Amino acid sequence: MKIESIVLREVHMQLKAPFETSFGTVQDRRILLVEVVADGVSGWGEVTATESPFYNSETTGTAWHIISDFIAPFVIGKRVAKASDFPALVTHIRGHEMAKSGVENALWDAEAQLTGVPLSKLLGGTSEEIACGVSLGIRENPRALVMRVEEELRSGYQRIKLKIKPGKDYEFVAAVRKEFPSIRLSVDANSAYTLADTEHLRRFDEFNLLMMEQPLGWDDIYSHSKLQKQIHTAICLDECIHNTGDALTAIELEACRIVNVKLGRVGGHTEARRMQEACRERGVPVWCGGMLESGVGRAHNIAMSTLPGFVLPGDVSASLRYWNEDIIEPVVEVTSNGTIRVPKTPGIGYNVIRDRVEELTVSRNQWHAKHAAD
Ligand code: OSB
Ligand code: MG
């Protein structure tokens, strides 16, 4: 495949409602979309960075800079036999996994279209339907949260994850657990606690949670290994895991028993596939995390979730939970059993609505290969 052109767009999309985590509240999303033309076919990827560096160190702005000033000028006109060769092309650029992932995943979409297969199949995915959960932002009070949980369960979702932070944690989880004693329930702290909170976090053992996601430092596998030995609840790492090496470190140190795989955080489909395989070989369950994606990122998450290591419901849910209008058609829908049917058409399997993308675009940058031999 020759990388013939790259179009980078920043689109602005407003979530239906503000989403609150321990690190802040977001409603106005600034999303980067990457369109790569390879051998005449357009593939789409999404950069899943947040607007501020409060989840990890990347932002929409840093990804714009890294793609515009380093990735795109370097890879334009180059050839790769497969999308899985892309990471080697940009390995000299340190970190910036989310920026890289946006470009790599667009190439995967292009390769799947050129091969005439759904992206899920090109990746080696086996399921035709994926299991879905939801991630619920922090609410005003436990009552409001219980009402939201009830609504999501009515829609069929198979697992409920509650965002927590100090002061808005124990009572909120207790209220939900009391109302729904047997649902699959988990919590996500986004690094809001420290080892000094061990006693407090141990109290969550009574809720029989499926997992507690990223309670401690965003880059601190070591402290999680200390905590995991002192609580019964399985720790799941999110922020700490940037590559398969991190996952293996965490598993060996017993810092977690479950791994959240996010395409952006690990740098794209190639590394995500390697990571789920490494976890599967060791009997460690993985699931697909979400980053409040537009339809493009969501489509990639769906394809990835069909790989055999993804044995727990992910944070991949219906388009209309997030957006009044998504940028793909059909929109992503969830069955009454809390599953998403995996598309069977080539590529990501959804059409990007170009006119809508154009309307939402606030900035654009593009690169074209020179003709001749490059
Ligand atoms: O930690 O999983 C997280 C959203 C933004 C940043 C981090 C996280 C999240 C979510 C939302 O939990 C998942 C989703 O519904 O897309
Ligand atoms: Mg998380």
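This tour moves through a predicted model, from its two domains to the interface between them.

**Domains.** Begin by selecting residues 3-116 together with 352-368, which the domain assignment gives as domain 1. Then select 122-351 in a second colour; this range is assigned to domain 2. If centroids are placed on the C-alpha atoms of each domain, the two centres lie 22 Å apart.

**The interface as a whole.** Next, select the residues of each domain that are in contact with the other: the selection comprises 39 residues of domain 1 and 48 residues of domain 2. A surface calculation on the two parts gives about 3800 Å² buried between domain 1 and domain 2, with 64% of that area on carbon and sulfur atoms.

**Polar and charged pairs.** With side chains displayed, turn to the specific pairings across this interface. The rule finds 23 residue pairs in polar contact between the domains, both partners being at pLDDT 80 or more. It also finds two salt bridges across the interface of domain 1 and domain 2. To view a salt bridge, select E20 and K165, whose closest N and O atoms are 2.9 Å apart.

**The domain 1 side.** Now hide domain 2 and examine the side of domain 1 that touches it. Select β1 (3-21), β2 (24-38), β3 (41-47), α3 (97-115) and α14 (354-360), each of which supplies at least two residues to this side. Centre the view on α3, the element that gives the most, with 11 residues. Finally, colour this side of domain 1 by residue class: 18 residues are nonpolar, 11 are polar and 10 are charged.

Terms used: Residues numbered from 1 in each chain as written. Chains lettered and ligands numbered in written order. Predicted model: local features only at pLDDT ≥ 70, side-chain atom pairs only at ≥ 80, totals over all residues. Heavy atoms only, no water. Domains from an automatic or database assignment. Contact = heavy atoms within 4.5 Å. Buried area = accessible area lost by both parts, 1.4 Å probe. Salt bridge = Lys/Arg side-chain N within 4 Å of Asp/Glu carboxyl O. Polar contact = N/O pair within 3.5 Å; in protein donor to acceptor, adjacent residues only side chain to side chain. Helix = DSSP H or I, 4+ residues; strand = E, 2+ residues; numbered from the N terminus. Nonpolar A, V, L, I, M, F, W, Y, C, P; charged D, E, K, R; others polar.
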